[in-house]
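Student: I'd like a close look at just one part of this protein, and how that part fits in with the rest. Could you walk me through one helix, slowly?

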Amino acid sequence: MFEPNVNIMVMDKNVSGIRSVAFDKVLVDILKILEILHECGYLYRNMSPEHFMLTADAEEYKLVVIDFKLARRYTDIKGNHIDVQETVYRGGDFGSNSQLRHMPEGRKDDLESLGYLALFLLSGELPWQGMSR
């Protein structure tokens, strides 16, 4: 099993200095949040590092998700699948292939975008950043 030895540095305004948070813990927490959203019938559709915040708790951090303006239901009240046709891709680097091609989106697209986010957090860049579209 791949276990990266990577920490994310977080500036904590309430505690002097910088503390680090384990990269794998942050990713697991994001996955748990996506799982809850998907179980409630929603797609997040807006993966970006700016949309995940860490609370400033000296003992333990909590991951907070912000900016749900692009989230959409993908199931109706009875649990039947609804095609999410509305295009949300706005040129960001974390969009899934379906978003890039303006195709219907599903849970897989949130997970694909999370993979791009993980790659970005590990390396500090994405291979396609800076390329002309």
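Tutor: Sure! One term before we start: two residues are in contact when they have heavy atoms within 4.5 Å of each other. Also keep in mind that this is a predicted model.

Let's get our bearings. The protein chain has three helices and six strands, and in sequence order they run β-β-α-β-β-β-β-α-α. Our pick is helix H1, residues 23–39. Its 17 residues, at 1.5 Å a residue, should span 24 Å, and the end C-alpha atoms are indeed 24 Å apart, so the two values agree. Just after H1 comes Gly41, with a positive phi of about 90°.

Now, which residues of H1 are buried? They are Phe23, Val26, Leu27, Asp29, Ile30, Leu34, Leu37 and His38. Look at the spacing in that list with this in mind: an α-helix has 3.6 residues a turn, so residues three or four places apart point the same way.

What do the buried residues join up with? The largest nonpolar core has 19 residues, and Ile30, Met47 and Phe52 are the ones with the most contacts inside it. H1, strand S5 (63–65) and helix H3 (107–123) each supply at least two residues of this core, with H1 giving the largest share, six residues. As a general habit, nonpolar side chains in soluble globular proteins tend to be buried together.

Zoom in on Ile30. If you skip its neighbours within four places in sequence, Ile30 is in contact with Phe52, Leu63, Leu114 and Leu117. You can place three of those partners: Leu63 falls in S5, while Leu114 and Leu117 fall in H3.

H1 has a charged pair too. Lys25 and Asp29 form a salt bridge, with their closest N and O atoms 3.6 Å apart. Both residues lie in H1, four residues apart, which is about one turn of the helix. In general, side chains of opposite charge can pair when their charged atoms come close. Is each partner buried or exposed? Lys25 is partly exposed, because its relative accessible area is 36%. Asp29 counts as buried, because its relative accessibility is 14% and the cut-off for buried is under 20%.

For comparison, look away from H1: Glu105 forms a salt bridge with Arg45, the closest N and O atoms being 3.6 Å apart. That pair links distant parts of the chain, 60 residues apart, and both Glu105 and Arg45 are buried.

Key: Residues numbered from 1 in each chain as written. Predicted model: local features only at pLDDT ≥ 70, side-chain atom pairs only at ≥ 80, totals over all residues. Heavy atoms only, no water. Expected span 1.5 Å × (residues − 1). Buried < 20%, exposed > 50% of the residue type's maximum accessible area, 1.4 Å probe, protein only. Core = buried A, V, L, I, M, F, W, Y, C linked by side-chain atoms within 4.5 Å. Salt bridge = Lys/Arg side-chain N within 4 Å of Asp/Glu carboxyl O.
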